[in-house]
Amino acid sequence: MYDNGVCLQNAPRGSAVVLHMCAHNPTGVDPTPEQWRAIADVVADRGLLPFFDCTYQGLASGDLDQDAFPVRMFVDRGLEVLCAQSFSKNFGLYNERAATLLVVSSSQESSGPLQSVLEELVAGNYCSPPLYGARVVQKVWTVLRQQWKSDLVTIHARIKAMKELLHQRIVELGIPGFWDHFGWQSGWFVHTGLSEYQVSRMTQQFHIHMAKDGRASLCGLTPHNVDYVARAIASVVNTDSS
């Protein structure tokens with residue numbers, strides 16, 4: 001997607017394309033504003049339908065408006081947009097799975113048929129969504145919004161600090177490999193680059209758990225255990241390198 005939009009330029013006209021709004025999962029590498037504008041150019045030129053996955057708003061940069069830039073820019077360009085927005089992460093509602101689907105169409109006349117189709121999809125798949133999570137989101141957004149936004153800044157700052165500390169310890173330990181990408185990745189995941197075998201060893205020997213592809217959540221990282229994690233990485237990488 002970042003190679004001058006080659007993948008999008010080759011997509012059949014009218015295709016739907018899924019785009020991560022921010023904190024790309026699993027890489028954590030997001031397009032710059034200039035790259036987003038180039039992507040929007042290709043989407044408009046090819047008549048593509050962008051479907052945004054909005055899962056980490058506020059957690060990529062700590063700023064809700066900055067993280068929402070891609071979707072708002074596409075809408076300002078007059079493009080039709082779908083945006084699936086999850087509140088599982090930024091509202092801490094993993095067990096409730098509260099979310100919303102935003103649809104921006106090109107004409108007022110299409111809103112009625114669109115709503116009818118969406119209602120049919122909802123009824124055919126899960127009848128009605130859970131209510132508790134939606135009420136929590138509504139309450140926080142209408143009554144506790146400023147406190148919530150402040151909490152997002154705190155969470156973002158803590159995750160960023162832990163990522164920087166882990167990177168610092170990896171460099172200090174002289175672990176073979178390329179680790180500078182830690183500084184490029186946004187959000188609370190980091191793509192470590194560890195192989196599936198190394199991940200297995202991290203789990204079995206050190207009881208450190210992550211996805212098989214090496215993607216790790218930094219939410220469980222603290223100043224008290226970051227050295228242990230870095231030394232575990234050193235152990236599995238140095239053993240493979242020897």
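**Exercise 1. Locate T192 in this predicted model, classify its burial, and list its polar and non-local contacts.**

*Solution.*
Step 1. T192 is placed in the loop that runs between β5 (189-191) and α8 (196-206). The model under study is a predicted one.
Step 2. The relative accessibility of T192 is 5%. Since buried means under 20% relative accessible area, T192 is therefore classed as buried.
Step 3. Two polar contacts of the side chain can be listed. The T192 side chain reaches the backbone nitrogen of L194 at 3.2 Å. A polar atom of the T192 side chain also lies 2.7 Å from the backbone oxygen of G214.
Step 4. With neighbours within four places in sequence set aside, T192 is in contact with W179, H181, F182, M210, G214 and A216. G214 thus appears among these contacts and also supplies the backbone oxygen of the polar pair.

**Exercise 2. Determine which strand holds Q85, whether Q85 is buried or exposed, and which side chain it meets in a polar contact.**

*Solution.*
Step 1. Strand β3, residues 81-86, contains Q85.
Step 2. Its relative accessible area is 13%, so Q85 is buried.
Step 3. The side chain of Q85 is joined to that of Q57 by a polar contact of 2.5 Å.
Step 4. Residues up to four places away in sequence being excluded, Q85 touches C54, Q57, A99, T100 and L102. Strand β4 spans residues 99-104, and A99, T100 and L102 are among the residues touched by Q85.

**Exercise 3. Describe the placement of G133 and its spatial relation to L93.**

*Solution.*
Step 1. G133 belongs to helix α6, which covers residues 131-143.
Step 2. G133 is buried because its relative accessibility is 1%.
Step 3. G133 and L93 are separated by 40 residues in sequence, while their C-alpha atoms are 6.6 Å apart.
Step 4. Outside the residues up to four places away in sequence, the residues touched by G133 are L93, E96 and A98.

**Exercise 4. For R97 and H207, state the sign of phi, the loop occupied, and the exposure class.**

*Solution.*
Step 1. R97 is not a glycine, yet its phi is positive, at about 55 degrees. H207, likewise a residue other than glycine, has a positive phi near 60 degrees.
Step 2. R97 sits in the loop between β3 and β4. H207 is found in the loop between α8 and β6 (215-217).
Step 3. A relative accessible area of 48% makes R97 partly exposed. H207 counts as exposed, with 60% relative accessibility.

**Exercise 5. Identify the residues of the nonpolar surface patch and place V103 within the secondary structure.**

*Solution.*
Step 1. L101, V103 and L114 make a nonpolar surface patch of about 190 Å².
Step 2. V103 is located in strand β4, residues 99-104.
Step 3. V103 has 32% relative accessibility and therefore counts as partly exposed.

**Exercise 6. Characterise L8 by element, burial and contacts, and give its distance from W188.**

*Solution.*
Step 1. L8 is in helix α1, residues 6-9.
Step 2. L8 is buried, since its relative accessible area is 8%.
Step 3. Not counting residues up to four places away in sequence, L8 touches V17, I39, V42, V43, R46 and L48.
Step 4. W188 lies 180 residues from L8 along the chain, and 27 Å separates their C-alpha atoms.

**Exercise 7. Summarise the overall organisation of the protein and the annotated span.**

*Solution.*
Step 1. Nine helices and six strands form the secondary structure of the protein.
Step 2. Along the principal axes, the C-alpha atoms fill a box of roughly 65 × 45 × 35 Å.
Step 3. The protein has 242 residues, of which 38% count as buried. About 13,700 Å² is exposed, and carbon and sulfur atoms supply 55% of that area.
Step 4. Among contacts with a separation of 6 or more, 69% are between residues 24 or more positions apart.
Step 5. According to an unreviewed UniProt entry, the annotation "domain: Aminotransferase class I/classII large" covers residues 8-233. This span is 46% helix and 13% strand, and its end C-alpha atoms lie 37 Å apart.

Key. Residues numbered from 1 in each chain as written. Predicted model: local features only at pLDDT ≥ 70, side-chain atom pairs only at ≥ 80, totals over all residues. Heavy atoms only, no water. UniProt positions renumbered as here; feature names shortened; annotations may be inferred. Helix = DSSP H or I, 4+ residues; strand = E, 2+ residues; numbered from the N terminus. Patch = residues over 30% accessible without salt bridge, like charges linked within 9 Å, V, L, I, M, F, W, Y side chains within 5 Å. Areas by Shrake-Rupley, 256 points an atom, 1.4 Å probe, with all protein chains shown as cover. Salt bridge = Lys/Arg side-chain N within 4 Å of Asp/Glu carboxyl O. Buried < 20%, exposed > 50% of the residue type's maximum accessible area, 1.4 Å probe, protein only. Contact = heavy atoms within 4.5 Å. Polar contact = N/O pair within 3.5 Å; in protein donor to acceptor, adjacent residues only side chain to side chain.
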